[in-house]
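Thanks for coming, everyone. Please pull up the sequence and the model on your screens. I'll take it piece by piece.

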Amino acid sequence: MTDTLTLANQQAFLAQQRGAELARLYATLPAGPAPLGALRGQLMAIRGVDRLPRPLAGLLYRLLALPLNPWRGKYLDPHAGSNLWLAGDRLRFGHFSVTQQAGSDGLPCHWLDYDSAANPRLLRAIRGEARQLQPGLWLCRMQWQTGNGLAALLWFTLQDSNHAH
């Protein structure tokens, strides 16, 4: 992705990509600085939706970006974070620790580990990864820890409101 593209153009481009295409892009990205503060999230490339025709999948992702979607993004500090739900970003659910380490592909990333007693058992198998796409924008994948390793469930972006265009 070039620096000349606006965040909105990048978000639109990313929303049209399949999981495999996002994985190839993700493998080229640096970890970059840690995402910090309240970050707006946008879902894309949900496992199974990749089978839909691109226009239909794109419509679904545009619907998920509307205010009716209760997930707003994430709040991160240098060592921990949580998901932000509903307007006002006051409801936080789904807590995780944050470290910089090798991701599931062996390359550096910001690792979001939900294996915490503060979470319901179901959430404890979630592992997230984030790499910087450009200043203020991170491409992330959510994975599920199984007995056989990690399975990618979906992709999303996190955007710092200070870099919005």
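**Strands, helices, spaces**

Strand 4, residues 91-102, and strand 5 run antiparallel, and six bridges join them. Keep in mind that this is a predicted model.

Stay with that pair for a moment. Strand 4 and strand 5 make a hairpin, with five residues between them. Look at the turn: glycine 106 sits there with a positive phi of about 85 degrees. Now a single bridge. Serine 97 is in strand 4, and its bridge partner in strand 5 is aspartate 113. Serine 97 has 34% relative accessibility, so it counts as partly exposed. For scale, take asparagine 69, 28 residues from serine 97 along the chain. Their C-alpha atoms are separated by 24 Å.

Next, strand 5 itself, residues 108-113. How many of its six residues are buried? Five of them are, so strand 5 is mostly covered. Strand 5 also pairs with strand 6, residues 126-134. That pairing is antiparallel too, over four bridges. One contact to find: leucine 112 has glycine 128 of strand 6 as its bridge partner.

Glycine 128 takes us on to alanine 152. The two are 24 residues apart in sequence, and their C-alpha atoms are 9.3 Å apart in space. Alanine 152 belongs to strand 8. Its relative accessibility is 34%, so alanine 152 counts as partly exposed.

Now the cysteines. How many disulfides does a search of the whole structure find? Zero. Cysteine 109 is in no disulfide. The nearest cysteine sulfur belongs to cysteine 140, 9.6 Å away. A disulfide here needs the two sulfur atoms within 2.5 Å. Cysteine 140 is likewise in no disulfide, and for it the nearest cysteine sulfur is that of cysteine 109. Buried or exposed? Cysteine 109 has 0% relative accessibility, so it counts as buried. Cysteine 140 is at 0% as well, and therefore counts as buried.

Over to the earlier strands. Strand 1, residues 37-44, runs antiparallel to strand 2, with four bridges joining them. In that pairing, alanine 38 stands opposite tyrosine 75 of strand 2. Strand 2 is then joined to strand 3 by five bridges, again antiparallel. Glycine 73 stands opposite leucine 84 in strand 3. Strand 2 and strand 3 form a hairpin, with three residues between them.

Those two strands bring us to the largest pocket. It holds about 220 Å³ of space. Its lining has 13 residues, and Trp71, Asn83, Trp85, Tyr114 and Met142 lie nearest the centre. Which strands each supply at least two residues of that lining? Strand 2 (71-76), strand 3 (80-85), strand 4 and strand 8 (149-160). By class, the lining has 10 nonpolar residues, two polar and one charged.

Now the helices. In helix 2, residues 19-26, the buried residues are Gly19, Leu22, Leu25 and Tyr26. Why are they on the same side of helix 2? Because they cover an arc of only 120 degrees around the axis.

Helix 3 covers residues 54-64. Its buried residues are Ala57, Gly58 and Tyr61. Seen down the axis of helix 3, they fall within an arc of 100 degrees, so they line one face of the helix. Turn to the face away from that buried side. There you find the exposed residues Pro55 and Arg62.

Helix 3 also leads to the last item, the closed space. The count is one cavity of 30 Å³ or more. The largest cavity has about 50 Å³ of space. Ala57, Gly58 and Tyr61 are part of its lining, along with Arg54. Other lining residues include Ala15, Gln16, Gln17, Arg18, Ala45, Val49 and Asp50. Which element gives the most to this lining? Helix 3 does, with four residues. By class, the lining divides into five nonpolar residues, three polar and three charged.

To recap the two spaces: the largest pocket has about 220 Å³, and the largest cavity has about 50 Å³. On the cysteines, the search finds zero disulfides. That's it from me. Over to you.

Methods. Residues numbered from 1 in each chain as written. Predicted model: local features only at pLDDT ≥ 70, side-chain atom pairs only at ≥ 80, totals over all residues. Heavy atoms only, no water. 1 Å grid on protein atoms, 1.4 Å probe; cavity = no way out; pocket = protein on both sides within 12 Å on 5 of 7 lines; lining within 4 Å. Points joined across faces, edges and corners; volume = space filled by probe spheres on them. Nonpolar A, V, L, I, M, F, W, Y, C, P; charged D, E, K, R; others polar. Buried < 20%, exposed > 50% of the residue type's maximum accessible area, 1.4 Å probe, protein only. Arc of directions from axis to C-beta. Pairing = 2+ DSSP bridges.
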